[in-house]
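Here are some friendly notes to read with the model open beside you. Take the points in order, and find each residue on screen as you go.

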Amino acid sequence: MFDCSKDVLAFHDEKVTLPQDERTEMRKRRDANRERLKTRLKEAGKPVPQEFIKQGSYAMLTMVQDPDKDYDIDDGVYFTQASLKRDDGTVMSPTEVKQIVCDALQDDRFDKKPQVKKSCVRVFYKEGYHVDLPAYRIRESDGSYELASDDGWSVSRAADTEDWFNKTNKDKSPDVGTNGGQFRRIVRLMKKFACSRGDWKKDTASGFTITKLVEEYYVANKDREDITLRDCMQRIHDRLLTNLEVHHPVTPGAMLTSGPGDSTTLFLRTKLADALGDLKVLDDPKCTSKQAGQAWDKVFNTDFFSVRQAAAEKAAVTEHNTNALAGLVAAKNEPRLTEKHGGGRFA
């Protein structure tokens, strides 16, 4: 297979993983929401959260760059069960808990007001991304976390998912201490592929579903990032040929898909088949760097690889010409043996 490992790594670092300045901006917005929520709830005489816990792709560090900044930041809000009481001492319903959170987050500076969703309160930002704040109560009997949703209170511990991911990354990555770890990088690359076209976002599998599929079929290769990625794409495609369902990694019996005919994993399978077809040229012994770059460009809907390959070729030509010129100059300046009457000498 034509070696594009350095190119795939460079693509990940420059076009996939979130830049630090964007992460910092998101953290500032998250912290501002936390402070607003605590202050407003206290002022209104409502229950105040005991703690906040980041979760989802934001916590697992698997968010990927998006040209529309369509980012989903999850920040769990945790109340003690004893605090979630109405003024008359009766127990608040999940809907009421979400509503007091939503009311406390209202701010005239928002163009679009925070909204109550099925399992969270969503805060919208004009930059394109949003922050989801799921509300939990900490059960008095055993300390279990229960999520407030339209379906009632359900046991849910998002931190278990983060623990699962971090353990998987540590156990499976051959370079866990370097650049996030290869398993995490492949998750990011697969998520980038799945949303590489704007019109794919509404149809393709969720980022967490993709994360679980990568966990099932990732095989480390510390020397070839490109082979690792392509092989993972192939294994996931082949798996989805026979089974479109994906189980939650830590919640027994919970599913990440809607059933045997799930449309999102079917869509992902179709797009993976197309991508794998585009990458077949890499197996041709006569494959050129230009062809390889074009193949990866098509997979990720970019020109990054072709531009990088062209720059590398230009740099190689420049280096060759520079070395050749240096050789000519050196040859010209070498001492020459000349013949003169009376014997030879260096001129």
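**Notes on the cores, rings and loops**

1. Let's begin with one residue and its surroundings; please keep in mind that this is a predicted model. Which residues does Leu 268 touch, once its neighbours within four places in sequence are left aside? Leu 268 is in contact with Phe 193, Ala 194, Thr 204, Ala 205, Ile 210, Leu 213 and Leu 240.

2. Now step back to the group around it. The largest nonpolar core has 45 residues, and Leu 268 is one of those that touch the most other members, together with Met 190, Val 214, Leu 229, Trp 296 and Phe 300. Many helices take part: α1 (5–16), α5 (158–172), α6 (182–194), α7 (207–217), α8 (225–242), α9 (263–278), α10 (289–300) and α11 (304–333) each supply at least two residues of this core. Which helix gives the most? That is α6, with seven residues.

3. There is another core to look for, apart from the one above. This other core has 28 residues, including Phe 79, Val 121, Tyr 129 and Val 131.

4. Next come the aromatic rings, where the count comes to 18 pairs. A pair of aromatic rings is described by the distance of the centres and the angle of the planes. Try Phe 183 and Tyr 218: their centres are 5.5 Å apart and their planes are at 70 degrees, an edge-to-face pair. Phe 183 belongs to helix α6 while Tyr 218 belongs to the loop between α7 and α8, so this pair ties together parts that are 35 residues apart in sequence.

5. Are these two rings buried or exposed? Phe 183 is buried, at a relative accessible area of 0%. Tyr 218 counts as buried as well, because its relative accessibility of 5% falls under the 20% limit.

6. Compare that with Trp 296 and Phe 300. Their ring centres are 6.3 Å apart and their planes meet at 20 degrees, so this pair is stacked. Both residues lie in helix α10, four residues apart, which is about one turn of the helix. Trp 296 has 0% relative accessibility and counts as buried; Phe 300 is buried too, at 4%. The two rings also belong to one aromatic cluster, along with Phe 11, Phe 304 and Phe 305.

7. A ring can have a charge for company as well. Look at Lys 112, whose charged end sits over the ring of Phe 124, 4.1 Å from its centre.

8. Two backbone angles deserve a look. Most residues other than glycine have a negative phi, and most peptide bonds are trans. Lys 69 has a positive phi, near 50 degrees. Lys 69 is in the loop between α3 (56–60) and β2 (72–80) and is partly exposed, with a relative accessibility of 30%. Asn 301 has a positive phi too, near 55 degrees. Asn 301 is in the loop between α10 and α11, and its relative accessible area of 46% makes it partly exposed.

9. Finally, find Ala 82 in the loop between β2 and α4 (94–105). Ala 82 is partly exposed, at 40% relative accessible area. How many residues apart in sequence are Ala 82 and Pro 47? They are 35 residues apart, yet in space the distance is 9.4 Å from C-alpha to C-alpha.

Key. Residues are numbered from 1 along each chain as its sequence is written. This is a predicted model: local features need pLDDT of at least 70, side-chain atom pairs count only at pLDDT 80 or more; totals for chains, interfaces and linings use all residues. Side-chain values use heavy atoms; hydrogens and water are left out. A nonpolar core is a set of buried Ala, Val, Leu, Ile, Met, Phe, Trp, Tyr and Cys residues joined through side-chain atoms within 4.5 Å. Buried means under 20% relative accessible area, exposed over 50%, partly exposed in between (1.4 Å probe, protein chains only). Contact means heavy atoms within 4.5 Å. Rings of Phe, Tyr and Trp (its six-membered ring) pair if their centres lie within 6.5 Å; planes under 30 degrees apart count as stacked, over 60 as edge-to-face and the rest as tilted. A charge sits over a ring if NZ of Lys or CZ of Arg is within 6 Å of the ring centre and within 35 degrees of the ring normal.
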